[in-house]
Amino acid sequence: MRGVLSVVNVSSVSAAAPEPRSRPLDDTVPFIMQWRRTPSWSPPHTARIDAIISANVGIAARLDRALRERLLEHTAALLQSKRWEPVAGIELTDEMLVTIAANAAIPILSFDTWPYRQVRSIIVRPSASLSSGTRAGPVAGTYTDEVIGTIGLASPHSGPIVISWDAALADSRRPALGSNVVIHEFAHKIDMSDGYADGVPPLRGAALDRWQRVLRDEFHRTEGRDSDHVLRPYAWESPAEFFAVATEAFFCIPVRLAAAKPHLYDALAELYRQDPARDSVPARP
Ligand SMILES: [Zn+2]
């Protein structure tokens, strides 16, 4: 099991574009040392939350009335129940917190349980964190020292989620591009809610069998990974990344995912109990 999962430089490219600098980071990233307490802050009122969602959260445009209501409730719950931590000089605003919380809430709108119990803190950075140093290259036996930009991290157990605000905002406003760093990192937390970052979410019985079959068919195939038109190549870093990237596509570009990979779409629809491809109002580009 990988300790800390990352997504790198995905916000500015389309879902099908190559991502040459995808690298997972390891457990030793010392970001905990950068924490500082959030100043006293009062959550915004419902009307303010609603206005920010309308302005910034593209996926919300296609939610029906019931899901939109639940989005407001879940967003408010995340704002109040989690510790929000600014780092690297950023000053947290209502817009940042509501935008991130609303995107985090989208996957769980139809859940009966609260799968983010293990998420205690969300750390917000202004932009990607850059790291360098010699590491294994993209081909076995090679090395690279290129600078890596990391826009999100999800730590196991009760560890924090780290989000870069600039990437989160860009993704949130343009779901048609197929990437969403907030949904990606929170999908890792859903995957890890059974204790393992293995790409197998907490399903049981026939639903679990179906997901494992889809994972086997889609993840373990070798043909077409680099030319996949729906999932970007980062999905094939590991089963955990496949689940997170597929979840992004499910919510951001559901019609394309359903057309290209109907079995994967159906398995995710069963997990999330949502059917975004058949929603009557398309997400705005
Ligand atoms: Zn990831």
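**Figure 1. Contacts around Ile163 in the predicted model.** In this predicted model, Ile163 is in contact, once its neighbours within four places in sequence are set aside, with Ile100, Ile122, Val124, Gly152, Ala168, Val181, Val182 and Glu185. Ile163 lies in strand 8, which covers residues 161–164, and among its partners Ile100 is one of the buried residues of helix 3, while Val181, Val182 and Glu185 are listed among the buried residues of helix 5. Ile163 also belongs to the largest nonpolar core, a set of 68 residues in which Ile100, Ala101, Ile163, Ala246 and Ala249 touch the most other members. Helix 7 (residues 239–252) gives the most to this core, with 10 residues. In soluble globular proteins, nonpolar side chains tend to be buried together.

**Figure 2. Helix 5 and its surroundings.** Helix 5 runs over residues 181–192, and its 12 residues reach 17 Å from the first C-alpha to the last, close to the 16 Å expected at 1.5 Å a residue. Because 12 of the 12 residues are buried, helix 5 is largely enclosed by the rest of the structure. The buried residues include Val181, Val182, Ile183, Phe186, Ala187, Ile190 and Met192, and also His184, Glu185, His188, Lys189 and Asp191.

**Figure 3. Helix 3, with its buried residues.** The 12 residues of helix 3 should span 16 Å at 1.5 Å a residue, and the end C-alpha atoms are 16 Å apart, which agrees. Of these 12 residues 10 are buried, so helix 3 is largely enclosed by the rest of the structure. The buried residues are Met96, Leu97, Val98, Thr99, Ile100, Ala101, Ala102, Asn103, Ala104 and Ala105, and of these Ile100 and Ala101 are named among the residues that touch the most other members of the largest nonpolar core.

**Figure 4. Arg120 and His157 in two loops.** Arg120 is placed in the loop between helix 3 (94–105) and strand 3 (121–125), and it counts as partly exposed because it has 14 C-beta neighbours inside 10 Å. Not counting residues up to four places away in sequence, Arg120 touches Lys82, Arg83 and Ser158. Arg120 and Ser158 are 38 residues apart in sequence, yet their C-alpha atoms are 6.3 Å apart in space. His157 is found in the loop between strand 7 (148–154) and strand 8 (161–164), where it has a positive phi of about 55 degrees although it is not a glycine. With 9 other C-beta atoms within 10 Å, His157 is exposed.

**Figure 5. Packing of helix 1 against helix 2.** Two packed helices are described by the angle between their axes and the distance between the axes. Helix 1 (residues 46–56) and helix 2 (residues 65–81) pack at an angle of about 110 degrees, with their axes 10 Å apart, and the two helices are therefore roughly perpendicular to each other. In this contact Thr46, Ile49, Asp50 and Ile53 of helix 1 meet Leu71, Leu72, Thr75 and Ala76 of helix 2. Sorted by class, the contact has five nonpolar, two polar and one charged residues.

**Figure 6. Packing of helix 7 against helix 9, with the flanking segments.** The axes of helix 7 and helix 9 come within 10 Å and cross at roughly 85 degrees, which makes helix 7 roughly perpendicular to helix 9. Ala246, Thr247 and Phe250 in helix 7 meet Leu264, Tyr265 and Leu268 in helix 9, and by class this contact has five nonpolar, one polar and no charged residues. Pro233 is found in the loop between helix 6 (205–219) and helix 7, and it counts as partly exposed, with 18 C-beta neighbours inside 10 Å. The C-alpha atoms of Pro233 and Val245 are separated by 9.2 Å, the two residues being 12 residues apart along the chain. Arg273 is found in the segment after helix 9 (262–272) and has a positive phi of about 55 degrees although it is not a glycine. Arg273 counts as exposed, with 11 C-beta neighbours inside 10 Å.

Terms used: Residues numbered from 1 in each chain as written. Predicted model: local features only at pLDDT ≥ 70, side-chain atom pairs only at ≥ 80, totals over all residues. Helix = DSSP H or I, 4+ residues; strand = E, 2+ residues; numbered from the N terminus. Expected span 1.5 Å × (residues − 1). Buried ≥ 20, exposed ≤ 12 C-beta atoms within 10 Å, placed from the backbone. Axes fitted to C-alpha atoms, helices over the stretch in contact; angles between N-to-C directions. Parallel < 35°, antiparallel > 145°, perpendicular 65-115°, else oblique. Contact = placed C-beta atoms within 7 Å. Nonpolar A, V, L, I, M, F, W, Y, C, P; charged D, E, K, R; others polar. Core = buried A, V, L, I, M, F, W, Y, C linked by C-beta atoms within 7 Å.
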